[in-house]
Amino acid sequence: MEKIQIKLALTLALLISAFGLKAQNFDNAKAYQDYILAEQALVVNENIAYISKSLHDHKARQNEAERKQIVQHLEAAIAKVEAMPSFSGDNTLKEAAIEVFGLYKETYQVALKAAEATELSKQSPIAEMEAYFSLLAKAESQLIEAGKKFVKVQKTFDRTHKLAREENKVFCLFSEVAAVNAHCRKVFQAYARVSEHGKVFFEAMKKKQIESMEKSRSALIAEAETALAELQKVGGHNGNLEYLEKAKALTHFLRATAQGDFVEIIKINQSTQATFDDSNRFNKW
Amino acid sequence: MNYHRQSKKLLAEFNEASVNLMSVSVPHELFLPTAETIAQAAAKLAPVVASQAKEGSEQKSTLE
């Protein structure tokens with residue numbers, strides 16, 4: 001569905017460019033601004049699609065093709081806006097658009113390229129995942145700062161040319177997506193740090209490494225305490241508490257398991273006299 | 001309930017909540033204005049372009 005919308009948006013953008021570039025001048029401030037905003041809407045929509053996907057899908061190769069396509073679209077957008085005339089001698093909006101598209105392009109070529117190079121899997125260590133999230137957060141913040149700059153110039157352009165003030169909806173939408181992503185990352189990371197010790201526990205169990213099992217069990221309980229305290233501070237996102245509550249439920253469950261069943265499992269693995277019942281109980285677990 | 005079943009259930013709920021959060025915070029319909037914005041801009045530009053094209057063709061016919 002989103003792909004269809006993007007294709008539709010692209011077709012419409014091509015139509016605009018066909019119309020717009022033939023026009024030697026834009027004698028209406030609103031039409032002039034709408035042309036630039038339409039270009040911005042197109043690139044921001046692609047930003048949203050890419051950023052949302054990056055949070056949930058860490059397959060570098062797939063993302064690389066999309067990222068390169070976005071860079072090409074940004075280059076085309078820059079070329080189109082560069083070809084525009086000034087509006088009654090006012091170049092500010094045009095220059096701001098060129099600058100913001102340039103900053104978007106730089107983000108895609110540097111920060112997001114670096115994030116893409118971190119190919120994650122379920123087996124990736126937590127440090128790699130955190131590094132990936134940190135690169136995404138940095139890129140999102142760069143895209144927001146670039147957008148804010150443009151919105152500021154847009155406001156001045158509105159005032160100068162006596163246009164009715166309109167909110168830059170696409171930029172607001174992108175900011176909201178970035179805020180949701182930041183919330184998801186914070187909550188997910190708190191839970192993932194706890195879960196990481198669970199993974200270590202099971203790996204140690206396979207190898208019958210009792211000491212390592214006990215170490216990871218204690219670490220899991222301590223990390224769960226930290227995570228629950230952190231999650232308590234995070235709060236919901238715009239009143240939505242569901243994701244946070246589910247993370248807390250998982251963390252409570254892991255802590256309770258480490259405090260109860262893990263102790264039993266260690267005992268069974270430690271014992272040289274484990275009974276058939278012990279093994280059976282453990283197998284059904 | 002055993003550990004694996006319970007952890008699987010909680011994880012599924014956690015993932016579902018993540019999807020719900022995104023759809024609540026960023027309603028799908030909000031993606032639509034992009035195409036609409038572009039269509040509106042195109043519609044507004046069309047008369048400007050059309051009038052310029054008309055002026056151009058008038059100038060051309062005068063020259064001819």
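How many residues apart are Glu245(A) and Lys248(A) in helix H9 of chain A, and about how many helical turns separate them? I began with this pair and noted that they are three residues apart, so about one helical turn lies between them. I keep in mind throughout that I am reading a predicted model.

**Entry 1, the pair in H9.** I looked up the contact itself and found that Glu245(A) forms a salt bridge with Lys248(A), with 3.5 Å between the closest N and O atoms. Glu245(A) is partly exposed at a relative accessible area of 38%, whereas Lys248(A), at 13%, is buried. I then noted a network in which salt bridges with shared partners join Glu130(A), Arg193(A) and Glu230(A).

**Entry 2, a pair within H8.** I turned next to Arg217(A), which forms a salt bridge with Glu214(A), the closest N and O atoms being 3.1 Å apart. Both residues lie in helix H8 of chain A, three residues apart, which is about one turn of the helix. The general rule is that an α-helix has 3.6 residues a turn, so residues three or four places apart point the same way. I checked accessibility as well: Arg217(A) counts as buried because its value of 14% is under the 20% cut-off, while Glu214(A), at 32%, counts as partly exposed.

**Entry 3, helix H8 as a whole.** I followed H8 of chain A over residues 210–234, which makes 25 residues, and read a span of 36 Å from the first C-alpha to the last, close to the 36 Å expected at 1.5 Å a residue. I listed its buried residues, among them Met213(A), Ser216(A), Leu220(A), Ala224(A) and Leu231(A), and I found Arg217(A) in that list too. When I asked what covers these buried residues, I found that the cover includes helix H7 (169–206), helix H9 (242–259) and helix H10 (261–270) of chain A. After the helix comes Gly235(A), and I recorded that its phi is positive, near 75°.

**Entry 4, a pair between helices.** I searched the whole structure for salt bridges and obtained 16 over all chains. One that I examined is formed by Glu39(A) and Lys80(A), whose closest N and O atoms are 2.8 Å apart. This pair links distant parts of the chain, since Glu39(A) sits in helix H2 (residues 29–56) and Lys80(A) in helix H3 (residues 60–82) of chain A, 41 residues apart. I found Glu39(A) buried, with a relative accessible area of 3%, and Lys80(A) likewise buried, with 13%.

Definitions and conventions. Residues numbered from 1 in each chain as written. Chains lettered and ligands numbered in written order. Predicted model: local features only at pLDDT ≥ 70, side-chain atom pairs only at ≥ 80, totals over all residues. Heavy atoms only, no water. Expected span 1.5 Å × (residues − 1). Buried < 20%, exposed > 50% of the residue type's maximum accessible area, 1.4 Å probe, protein only. Contact = heavy atoms within 4.5 Å. Salt bridge = Lys/Arg side-chain N within 4 Å of Asp/Glu carboxyl O.
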